[in-house]
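Let's read a fold together, one feature at a time. Have the viewer open and follow along.

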Amino acid sequence: MKYEWRKKDKALYLPTKEPMIIDIPPMQYLVITGEGNPNGQGFSECVQSLYAMSYGIRMLPKTGVIPVGYYEYTVFPLEGIWSFSEEGINRLQVGEDLINLKDYMTYKLMIRQPDFVDWDLVEKIRVSVATKKKSLPIDRVTFETISEGNAVQMLHIGSYDSEPESFARMEAFASEQGLERKGKHHKEIYLSDPNKVAPEKQKTTLRFWVR
């Protein structure tokens, strides 16, 4: 039976529009890091690299290669951990608006991989994809197991620029629960294609970590 994350992992990816507490188990991802404005070419190339490798793994059976333990599945959504460079943090501390700090953003983008994927398979796919996508930074993609632990998350509906409103609700909820946020970095899970969905209707799962 096909593994579909929207059905099997609904709690992880499709929360309600109200803040909630969740414990995130360790999972493995293809990962690429970068910095700068997410509207720039560098960010776009990072996203393309992750998808190229993720679909390369997903489509292996069509090339006649079936990895040990392979099962049919839906490619997982793009996720990103966001923070700021030192300059961005300094500007944030003196009260500069978040909207004006996009050039100082840092990001760690990732796409979760099924449990049959290992380093050997990732390296084989890397070679195959790199020969076809020579303009992309395929060499920067790594393979990591990430343990997030306790977090607060909620579904945000609207543009990325309106996310601070949802984060304010999440922080208020965490405070009410006696929880402390671990830093200002956060995760976004992209449930909508911004090229196909109007900004006011975009769905993004927002998450930050607590203790």
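Q: How much area does the chain expose, and what share of it do carbon and sulfur atoms supply?

A: First, a caution: this is a predicted model, where local features need pLDDT of at least 70, side-chain atom pairs count only at pLDDT 80 or more, and totals for chains, interfaces and linings use all residues. Residues are numbered from 1 along each chain as its sequence is written, and side-chain values use heavy atoms, without hydrogens and water. Accessible areas come from the Shrake-Rupley method with a 1.4 Å probe, with only the protein chains shown counting as cover for residues. Here the chain exposes about 11400 Å², and carbon and sulfur atoms supply 52% of that area.

Q: Which helices and strands should I look for, and in what pattern?

A: Both are DSSP runs numbered from the N terminus: helices are H or I over at least four residues, strands E over at least two. This chain has six helices and eight strands, following α-α-β-β-α-β-α-β-α-β-β-α-β-β along the sequence.

Q: In what order do the eight strands form the sheet?

A: Strands of a sheet pair through backbone hydrogen bonds, either parallel or antiparallel. Pairing here requires at least two DSSP bridges between two strands. The eight strands form an open sheet in the order 1-6-8-7-3-4-2-5, with antiparallel pairing. Strand 1 (20-24) and strand 5 (142-146) are the edge strands, each pairing on one side only.

Q: How many bridges join strand 1 to strand 6?

A: Five bridges join strand 1 to strand 6 (residues 149-157), and the two run antiparallel. Within this pair, isoleucine 21 stands opposite valine 152 of strand 6.
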